[in-house]
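Subject: Structure handover and notes

Dear colleague,

Please find below the structure I said I would pass on to you. My notes on it follow underneath, and I would be glad if you read them with the structure open.

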Amino acid sequence: MTTASTGLRARRRQELLAAIRTAALEELRRSGAAGLSLRAVARDVGIAVSALYRYFPSRDELLTDLIVAAFDEHADAVEAGGAHDDVGEALRGVWHAYRAWALAHPAEFGLAYGTPVPGYLAPPEDTVRAGSRIGRFALGLLTRAYTEGRLDPDTLHRRAARLSPGTAEQLETWSRRHEQRVPTEVLAVWLDLFVHLHGLVSMEVFGLLRPITPDAAPYAAEVVDTELAALVRPRC
């Protein structure tokens, strides 16, 4: 087989995979993750279901592929949002990009972070790397802020004083396993910030803020600004 024919075959494979993923996402929006059907996806792509099985032998493998793609696309957006020289602006960009991607891709966000799909268990060997990218990127920025002396010492002191022995032990165990070299209170504020802002975005994406604030954009900006103002000192 010539190099040209090999390249054409690989390109056609990638085009078909892209078409399958697009059709699967449309099916996901129509029927939800639990109702995702390989037969329906194959019909929408215009191929036999037996041909689809050569790429995804089961619904679970297709779900895993979609979840990994959602994690990676979300992380790409967040990393682009955090591309600032100033670490405070980088953190602000991260959280706004996190929210913007989620609102633009509610089906993918729901698949990756929402209600578990009955009968499906995400394989950690396939999903953990992609699923942890955003958290690791955010922790990298907070670590940078700490080494630059930008994290508010009073905030860190208060968080350290509130740390229970159990939480401290869990964070320290995680830190050793992942070779993180920052104080436990820095890990704690990283986790606090991530939980608070993910919760805010989830409530907005799933419509839980709508009865109170139909346009949540100003409120989301206030939450981000409040959280960061208490944690990150301005650059001198």
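The largest cavity has a volume of about 60 Å³, and I begin with this cavity, although you should keep in mind throughout that the model is predicted. The count of cavities of 30 Å³ or more comes to 1. The lining of the largest cavity is made up of Trp 95, His 96, Tyr 98, Arg 99, Leu 197, Leu 200, Val 201, Ala 220, Ala 221 and Val 224, and these residues divide into 8 nonpolar, 1 polar and 1 charged. Three helices, α5, α11 and α12 (217-231), each supply at least two residues of that lining, with α5 giving the most, namely 4 residues.

As for the chain in general, there are 12 helices and 0 strands in its 236 residues, and 42% of those residues count as buried. The C-alpha trace spans about 65 × 50 × 35 Å along its principal axes. Among the contacts with a separation of 6 or more, 72% are made by residues that lie 24 or more positions apart.

The nonpolar core comes next. In soluble globular proteins, nonpolar side chains tend to be buried together. In this model the largest nonpolar core has 67 residues, and those with the most contacts inside it are Val 41, Leu 62, Trp 95, Leu 111 and Leu 151. Helix α11, which covers residues 184-205, gives the most to this core, with 10 residues. Trp 95 also appears in the lining of the largest cavity. If you would like one residue from which to look at the core, you might take Leu 111, which, once its neighbours within four places in sequence are left aside, is in contact with Leu 28, Ala 33, Leu 63, Leu 66, Ile 67 and Val 117.

Another residue to look at is Leu 139, which is found in helix α8 and is buried, with a relative accessible area of 2%. Leaving aside its neighbours within four places in sequence, Leu 139 is in contact with Trp 174, Gln 180, Leu 187 and Trp 190. Leu 139 and Ala 102 are 37 residues apart along the chain, and their C-alpha atoms are separated by 20 Å.

I turn now to the charged side chains. Side chains of opposite charge can pair when their charged atoms come close. The count of salt bridges comes to 18, and I describe some of them here. Arg 129 and Asp 72 meet through their side chains in a salt bridge, at 3.0 Å from N to O. This pair links distant parts of the chain, since Arg 129 is in helix α7 (residues 124-131) and Asp 72 is in helix α4 (residues 59-81), 57 residues apart. Asp 72 counts as buried because its relative accessible area is 18%, where the cut-off is under 20%.

A salt bridge also joins Arg 133 and Glu 79, with the closest N and O atoms 3.0 Å apart. Here too the pair links distant parts of the chain, with Arg 133 in helix α8 (residues 133-147) and Glu 79 in helix α4, 54 residues apart. Arg 133 counts as buried at 17% relative accessibility, whereas Glu 79, at 29%, counts as partly exposed. Both of these pairs belong to a network of salt bridges that links Asp 72, Asp 76, Glu 79, Arg 129 and Arg 133.

Which residue forms a salt bridge with Arg 99? The partner is Glu 204, and the closest N and O atoms are 2.8 Å apart. Glu 204 is in helix α11 and Arg 99 is in helix α5 (residues 87-104), so that the pair, 105 residues apart, links distant parts of the chain. Both residues count as buried, because Glu 204 has a relative accessibility of 14% and Arg 99 has a relative accessible area of 16%. Arg 99 is also among the residues that line the largest cavity.

Last, Gly 93 lies in helix α5 and counts as buried at 15% relative accessibility. With its neighbours within four places in sequence left aside, Gly 93 is in contact with Gly 81 and Gly 82. Gly 93 and Arg 210 are 117 residues apart in sequence, and their C-alpha atoms are 24 Å apart in space.

With best wishes

Note on methods
Residues numbered from 1 in each chain as written. Predicted model: local features only at pLDDT ≥ 70, side-chain atom pairs only at ≥ 80, totals over all residues. Heavy atoms only, no water. Core = buried A, V, L, I, M, F, W, Y, C linked by side-chain atoms within 4.5 Å. Buried < 20%, exposed > 50% of the residue type's maximum accessible area, 1.4 Å probe, protein only. Contact = heavy atoms within 4.5 Å. Salt bridge = Lys/Arg side-chain N within 4 Å of Asp/Glu carboxyl O. 1 Å grid on protein atoms, 1.4 Å probe; cavity = no way out; pocket = protein on both sides within 12 Å on 5 of 7 lines; lining within 4 Å. Points joined across faces, edges and corners; volume = space filled by probe spheres on them. Nonpolar A, V, L, I, M, F, W, Y, C, P; charged D, E, K, R; others polar.
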